Amino acid sequence: MEVEEKTLLYGIIGFLWLEYFWELYLSRRQHRIYERTVEVPLELKDILSKETFEKARLYGLDKSSFSTLKGFLSMLISTIFILLFGFLYFWNISRDILIRFGFQGNNEIIHSMVFGLLTNIYSTLISLPFGIYYTFVLEEKHGFNKQTVGFFVKDKIKAFLVGQLIMLPVIAAVVKIVRAGGDYFFFYLWLFSMIVTFFLLTVYPDYIAPLFDKYTPLPEGDLRTKIEELASSLQFPLYEMYVVEGSKRSVHSNAYFYGFYKKKRIVLFDTLLKDYTPINKKDAAEKEEDKAKQETQKEKVELKDEEMEGKANVDKKENKDSAEKKNNEQKGCSDEEVIAVLGHELGHWKLNHVIKNLCIMQINLFLMFLVFGLLFQYKTMYRAFGFVDEEPVLIGFFIVLQFLFSPYNTVLGYFLTSLSRRFEFQADAFAQSLGHGKALCDALIKLNTDNLGFPVYDPLFSKWHHSHPPLLQRLNAIQKTE
Ligand SMILES: [Zn+2]
């Protein structure tokens, strides 16, 4: 290898490690906070019980240790992959496979597709042990995992197949566009990426997401009526509401909306809804039993003389009180809280956050393709990765977008995370302007408790990683104006 190639290769590896050490430094700072903050901070005393706080702390510690180990191993694997010319290795194997299947001559498109398939298999296999450990050891230990082994295996296979069905035609098109597009191929590439984005945004919710999870329309009832009222008061073009069985995966809860123009849909995780989450079903069954008992008691009492009626009322009241207490311990949000959460979500829509993000993404892609257009014939880049006599489009594409752009991606990532936090505050303020401030606070606290979010963060760690502001910051921002 010549000096220029070496410089490029080691420069790329050097930057990857630099970024790794920066992230390691941040996560160590946060790890110390998990270790040392054993008492519930004063400002959270009324919000979190000691027990929940301790659970969240231990969960945080485990997640932090896991990501440290995963981060290190991933870096090690990537470095070895680059140094051993992993791309060249897979490129050559792909050629051997094609020859074995009787493909003669050089067909870059098919060659690239086989290469894409092999590298996807490779990266799926590499990430599999981490996924298994995270789901079945870590999440299991803290009571979040709801996946059976069968569900996990099927899910992974489906995800892989669907991924290939989307990826392989995209790879073929990219190679074709670059080779046939002339000087302005970057522009056609950009148009193509826009079409793919809109196609996936349209197709994903209706045809792809249902392959993985069960979506059922939210049944008629109070909650549905209230959501409809909220939507129409904001002129939100609500088309349908779904409950997704997120509880089959994990008990983490959420809500979101999607869809174009007049056909917007709202999706609620069953774990968000007090009346739907299976965790509460056991409790609900017990409550039904209680209620039945109560009824028979009531009948008995009514049979007795009028003097006893006073006592029966007291009994009834006591029963109601204990049921209410039980309710507070249940997971999931009340209708008012769900409405407040949706007020926040619709705030994202009203304030055009989704469109703004989409625009940023498209501008970013345009810039990346433009630079790729300038760099893709830069021979040193291919040589640095072991490609001496050929310069495959797909390899150039990977090197430029994945490695040469990594400093830029890091900076952009930081900018987008900050922007996202800002959007979150704005959406909270929007829900508050609709009069849901108090309910939103309650919902945020409840969701944080249900998901065992640890509420104390190192400021630097939080700034770098959090796309959503931590609980306390959000509560403070809402309460300040309440
Ligand atoms: Zn949000």
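This is a short tour of a predicted model, from its zinc site to the helices packed around helix α14.

Before starting, note that residues are numbered from 1 along each chain as its sequence is written, and side-chain values use heavy atoms, with hydrogens and water left out. Because the model is predicted, local features need pLDDT of at least 70 and side-chain atom pairs count only at pLDDT 80 or more, while totals for chains, interfaces and linings use all residues.

**Stop 1: the zinc ion**

Select the zinc ion. Its protein donors are His344 (NE2), His348 (NE2) and two OE atoms of Glu424, lying 2.1 to 2.7 Å away. Donors here are N, O and S atoms within 2.8 Å of the metal (3.2 Å for Na, K and Ca); water is not among the atoms, so sites may look incomplete.

Now look at the angles. The four donor atoms subtend 53 to 132°, so the arrangement is irregular. Four donors count as tetrahedral if all angles lie between 85 and 135 degrees; four count as square planar and six as octahedral if opposite donors are over 155 degrees apart and all others between 65 and 115; anything else is irregular.

Along the sequence, the donor residues follow the spacing H-x3-H-x75-E. His344 sits in helix α10 (residues 335-350) and Glu424 in helix α14, 80 residues apart. Helices (H or I, at least four residues) and strands (E, at least two) are DSSP runs, numbered from the N terminus.

An unreviewed UniProt entry places a "binding site" at His344, His348 and Glu424. They span 81 residues, yet no two of their C-alpha atoms are more than 8.2 Å apart, so they gather at one spot. UniProt positions use the numbering here, feature names are shortened, and annotations may be inferred rather than shown by experiment.

**Stop 2: α11 against α14**

Select helix α11 (residues 353-375). Its axis comes within 11 Å of the α14 axis, crossing at roughly 170°. That makes α11 roughly antiparallel to α14. Axes are lines fitted to C-alpha atoms, for helices over the stretch in contact, with angles from 0 to 180 degrees between N-to-C directions. Under 35 degrees counts as roughly parallel, over 145 as roughly antiparallel, 65 to 115 as roughly perpendicular and the rest as oblique.

Contact means heavy atoms within 4.5 Å. Among the contact residues are Ile360 and Leu367 of α11 and Leu412 and Phe423 of α14.

**Stop 3: α1 against α14**

Finish with helix α1 (residues 3-36). Its axis and that of α14 (residues 406-450) come within 10 Å and cross at roughly 25°. That makes α1 roughly parallel to α14. Phe15, Leu16 and Glu19 meet Ser406, Pro407 and Thr410.
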